[in-house]
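User: I am in my first year of study and would like to learn how to read a structure closely. Please choose one helix of this chain and explain, in connected prose, how it sits among its surroundings.

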Amino acid sequence: MTRRATVLVIACAACLIAGCRATPPGQTESSVVRWLKLHVTVKGKDDRNPFPDSAESIMEGKTAFGHYCVVCHGLDGQNTGVPFASSLSPPVPSLASKEVQGYRDGQLKWIIENGISPSGMPASRGILSDDEMWTIVDYLRHLPPAGSLGEPRVYSDRKSTRLKSSHLG
């Protein structure tokens, strides 16, 4: 009986451990979540960007993006040089992707302002002004080619520090 109980406990523990493992979502699950975000969860569908699509607004958006968003999305909005972007669950999306670009301007502003739970996308309400959020939306609509701006300094500085310390020792 003791051996039987031990085997049962081990079998239950193995099932619990195997059942708790996180795996990437399948195509159906991803499609359902995308549809729900686009049509139900993310608000702001009818909100209009008060900033005209201009070089000045895009540059202001790039500047605001550079102060708040680059750590997760890279300088180009496409995760260039962000070491953890693909390993998060869910992964950090490329802001040039069809999925992200499919949102209306008001929805993108809503996401920037409120974040997306339970993803790692934080809310910026109280950190960025409405004007900064709207100009970031303009920048997102005009992202540069992937990799063209290099990687965020925070990551390149870390690499150069590691290289320097490896030469010292």
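Analyst: The following account looks closely at helix α6 and at the residues linked to it.

A word on the setting comes first. The model is a predicted one, and its chain has 169 residues, of which 27% are buried. The secondary structure consists of 8 helices and 0 strands, so that the pattern along the sequence reads α-α-α-α-α-α-α-α. The mean pLDDT of the chain is 83, and 73% of the residues reach 70 or more. Confidence is not even along the chain: helix α2 (residues 27–41) has the lowest mean, 60, while α7 has the highest, 98. Helix α7 will return below as a partner of the helix under discussion.

Helix α6 spans residues 105–114, and 7 of its 10 residues are buried, so the helix is mostly covered. The buried residues are G106, Q107, L108, K109, I111, I112 and E113. Two residues in this list, K109 and E113, deserve particular attention. K109 has a relative accessible area of 8% and is therefore buried, since buried means under 20%. E113 is buried as well, because its relative accessibility is 17%.

How are the side chains of K109 and E113 related? They meet in a salt bridge, with a distance of 2.9 Å from N to O. The general principle is that side chains of opposite charge can pair when their charged atoms come close. The spacing along the helix is also instructive. K109 and E113 are 4 residues apart in helix α6, which means that about one helical turn separates them. In general, an α-helix has 3.6 residues a turn, so residues three or four places apart point the same way.

K109 has a further partner outside its own helix. The side chain of D130 forms a salt bridge with that of K109, at 3.1 Å from N to O. This pair links distant parts of the chain, for D130 belongs to helix α7 and K109 to helix α6, and their positions lie 21 residues apart in the numbering. The two partners differ in cover: D130 is partly exposed because its relative accessibility is 41%, whereas K109 is buried at 8%. These contacts belong to a wider arrangement, in which K109, E113, R125 and D130 are linked in a network of salt bridges.

At the beginning of helix α6 stands D105, which forms a salt bridge with R141; the closest N and O atoms are 2.8 Å apart. This pair, too, links distant parts of the chain: D105 lies in helix α6 and R141 in the loop between α7 and α8 (153–168), with the two 36 residues apart. Is D105 buried or partly exposed? With a relative accessibility of 26%, D105 is partly exposed. R141 also has a relative accessibility of 26% and therefore counts as partly exposed. By the rule applied here, the count of salt bridges comes to 5.

The residues on either side of the helix complete its description. R104 lies in the loop between α5 (98–101) and α6. Because its relative accessible area is 40%, R104 is partly exposed. R104 and R48 are 56 residues apart in sequence, yet the distance between their C-alpha atoms is 8.8 Å. Just after α6, G115 takes a positive phi of about 75°.

Helix α7, the partner through D130, also contributes to a feature of the surface. A negative surface patch is formed by E56, E60, D131 and E132. Both α3 (55–68) and α7 (130–140) supply at least two residues of this patch. E132 lies in helix α7, and it is partly exposed because its relative accessibility is 31%.

In summary, helix α6 is mostly covered, carries a salt bridge between its own residues K109 and E113, and is linked to helix α7 by the pair of D130 and K109. The pair of D105 and R141 connects helix α6 with the loop between α7 and α8.

Technical notes:
Residues numbered from 1 in each chain as written. Predicted model: local features only at pLDDT ≥ 70, side-chain atom pairs only at ≥ 80, totals over all residues. Heavy atoms only, no water. Patch = residues over 30% accessible without salt bridge, like charges linked within 9 Å, V, L, I, M, F, W, Y side chains within 5 Å. Areas by Shrake-Rupley, 256 points an atom, 1.4 Å probe, with all protein chains shown as cover. Salt bridge = Lys/Arg side-chain N within 4 Å of Asp/Glu carboxyl O. Lys, Arg positive; Asp, Glu negative; His and termini not counted. Charge placed at Lys NZ, Arg CZ, Asp CG, Glu CD. Buried < 20%, exposed > 50% of the residue type's maximum accessible area, 1.4 Å probe, protein only. pLDDT = per-residue confidence, 0-100.
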